[in-house]
Amino acid sequence: MGIVAGLDSSSAFTHIVVCDTDTGAVLRRGFAAHPVEAKATEVDPQAWLLSLGEAAGGGLLEGVQAIGVSAQQHGLVPLDHQGNLVRPALLGNDKRAQAAAADLVDGLGGRQPWAEAVGAVPQAAQPVAKLRWLARTEPEAAQRVAAVLQPHDWLVWQLLGRPARRTTDRGAASGTGYWSAGSGSYRPDLVELALGHQAALPEVLGPSDAAGTTPEGLLISAGTGETMAAAFGLGVGVGDAVVSLGASGSVMAVHHEALSDPDGMITSFADATGMHLPVVYTSNAVRALRGTAEMLGVEGLEELSALALKSTPGASGLVLLPYLEGERTPRLPHAAGTLCGLRRESMKPEHLARAAFEGMLCSLADALDVLRGRGVEVRRVFLLGAAAELPAVQGLAPALFGTQVVVPQPAEYAALGAARQAAWALAVSQGTGDPLTPPAWQGAAAQVLEPGEELAVGRAVRQQYTATRDQIHPEAFGSAH
């Protein structure tokens, strides 16, 4: 038996889990908040190290042989020729690069060339857009940028004592906007298009490679982005999709190849195992529920859920298209939400509550169908986020998604994924592991929900939703959907 640690440096805190290498059983845990404002859009990366040091206090890492690092994605850490910070790191939640992203789309000739080049169309969050923003708004700082890292890359580099070699992994690299999951290679020309000159990029390691060894002899694995680490910690594989319910939503699935989508609805990430994670985002998920709760004057989502369950499937003909903030999938950036089917008998609070849940889940089912339409197999759906615990979500999701739904127990899945990666790299370095097969840790403890006899009802609700969507937004998915 050995002991490994996984640390997850998210946007607000550091979680550390110390695990048994053979089973993945969690032996110890550490936690610390980052000493920064919760909604900061830029930060001195030293804050991540301070948080890490606090989370690892009290001998937490005693006996640990290897560490894996997961961190928030889409951050940009710009370094000069000496490896010093040019300016504070720009974080993924920084929206200032929206115009820069649109500028880059035009600069390469549209959405399709980007999708073909790197499997994604630039968004404000991505490092490639942040580089363009930097070049446009802080040209003197941009001129000094000699190398670019993301948060996980920077943390690994710091843990290793800032060696000459800087590394990343496929998962984190696939979110930059200048590395292609399809070809497995960088596009330095896109860095130059964004920044105005070349910059050194970290070496992309394989899933079971080690980034190096600390001066104390501790092995550091390749690390990865939070999304990839969480998928690895959950233990998802081919046939699995993960639906995340935040204010906005996302649907990702494990697939054997990168998917390029000319409409830009699919973002083609790489995962932490050598496979691919195509992701489809929606701009609206739980925000539609919260808005409905406020509109009805009910206290919180639990009360809205209870109210919704007093209605019947199809919400007495009410259909809510939940495009409250415009929508990414389908691509309707200027749309608003729409409530249809109002009749005297349907104008009751419980029907509107039900329509909100059905609208949110049908919109996510649309996103799931974008992946299915490209040959992605979906046999079960993992449902993540606090809203996944709501009885109305659990009652409706299996029938509307048309498949088994798994609701994992809350856990530090990104940190667990990082620890599992560390165990893999450790076993390979010791000659006891297969570089192509990760350690078989126990999967997430979860509640499993089957659609059962509700499948036909779910199909009818989806048909009602689809008919309304196509009537109001006939251009939404075109004929391909």
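Here are some notes on a predicted model, taken point by point.

1. **The seven-stranded sheet.** I'd start with the open sheet, whose seven strands come in the order β18-β19-β17-β16-β22-β23-β24. Pairing within this sheet is mixed. Its edges are β18 (266–270) and β24 (446–449), each of which pairs on one side only. From one strand to the next, the twist averages 25°.

2. **The parallel link, β16 to β22.** Where does a parallel pairing come in? Strands β16 (residues 239–245) and β22 (residues 378–384) pair in the parallel sense, with six bridges between them. If you want a residue to click on, take Gly 239, whose bridge partner in β22 is Val 378.

3. **β16 and β17.** On this side the pairing is antiparallel, with five bridges joining β16 to β17. The connection is a hairpin that passes through three residues. Look for Val 243, which stands opposite Val 251 in β17.

4. **β17 itself.** Is strand β17 (residues 249–253) enclosed or open to the outside? Five of its five residues are buried, so β17 is largely enclosed by the rest of the structure. Both of its faces are covered: Gly 249, Val 251 and Ala 253 are buried on one side, and Ser 250 and Met 252 are buried on the other. β17 also runs antiparallel to β19, and four bridges join those two strands. Gly 249, one of the buried residues just named, has Thr 282 as its bridge partner in β19.

5. **The edge strand β18.** Don't let the edge position mislead you here. β18 pairs on one side only, yet this strand is mostly covered, with five of its five residues buried. Ile 266, Ser 268 and Ala 270 are buried on one side, while Thr 267 and Phe 269 are buried on the other. The partner is strand β19 (residues 276–282), which pairs with β18 in the antiparallel sense over five bridges. Within that pairing, Thr 267 has Val 279 as its bridge partner.

6. **The β18–β19 turn.** This hairpin has five residues between the strands. Gly 274 is the residue to check, since Gly 274 takes a positive phi near 110° in this hairpin.

7. **Two helices that cross.** How do helices α11 (residues 300–308) and α12 (residues 349–372) pack? Their axes are 7 Å apart and make an angle of about 105°. Angles from 65 to 115 degrees count as roughly perpendicular, and α11 and α12 therefore fall in that class. On the α11 side, the contact residues are Leu 301, Leu 304, Ser 305, Leu 307 and Ala 308. They meet Pro 349, Glu 350, Ala 353, Arg 354 and Phe 357 in α12.

8. **The loop before α11.** Gly 297 has its place in the loop between α10 (286–296) and α11. At 59% relative accessibility, Gly 297 counts as exposed. For a sense of scale, Gly 297 and Gly 177 are 120 residues apart in sequence and 43 Å apart in space, going C-alpha to C-alpha.

9. **Aromatic pairs.** The count comes to four aromatic pairs, and two deserve a look. Phe 13 and Phe 31 make a tilted pair, 5.5 Å centre to centre and with 45° between the planes. Phe 13 lies in strand β2 (residues 13–20) and Phe 31 in strand β3 (residues 26–33), so this pair ties together parts that are 18 residues apart in sequence. Phe 13 is partly exposed, at a relative accessible area of 27%. Phe 31 is also partly exposed, at 49%. Then there are Phe 232 and Trp 424, with ring centres 6.0 Å apart and planes at 40°, so that pair is tilted too. Phe 232 belongs to helix α9 (residues 226–234) and Trp 424 to helix α14 (residues 413–429), so the pair ties together parts that are 192 residues apart in sequence. Both Phe 232 and Trp 424 are buried.

10. **A charge over a ring.** One last thing to view up close is Trp 157. Arg 166 lies over the face of that ring, at 4.5 Å from the ring centre.

Technical notes:
Residues are numbered from 1 along each chain as its sequence is written. This is a predicted model: local features need pLDDT of at least 70, side-chain atom pairs count only at pLDDT 80 or more; totals for chains, interfaces and linings use all residues. Side-chain values use heavy atoms; hydrogens and water are left out. Two strands pair if DSSP finds at least two bridges between them. Axes are lines fitted to C-alpha atoms, for helices over the stretch in contact, and angles run from 0 to 180 degrees between N-to-C directions. Rings of Phe, Tyr and Trp (its six-membered ring) pair if their centres lie within 6.5 Å; planes under 30 degrees apart count as stacked, over 60 as edge-to-face and the rest as tilted. Buried means under 20% relative accessible area, exposed over 50%, partly exposed in between (1.4 Å probe, protein chains only). A charge sits over a ring if NZ of Lys or CZ of Arg is within 6 Å of the ring centre and within 35 degrees of the ring normal. Angles under 35 degrees count as roughly parallel, over 145 as roughly antiparallel, 65 to 115 as roughly perpendicular and the rest as oblique. Contact means heavy atoms within 4.5 Å.
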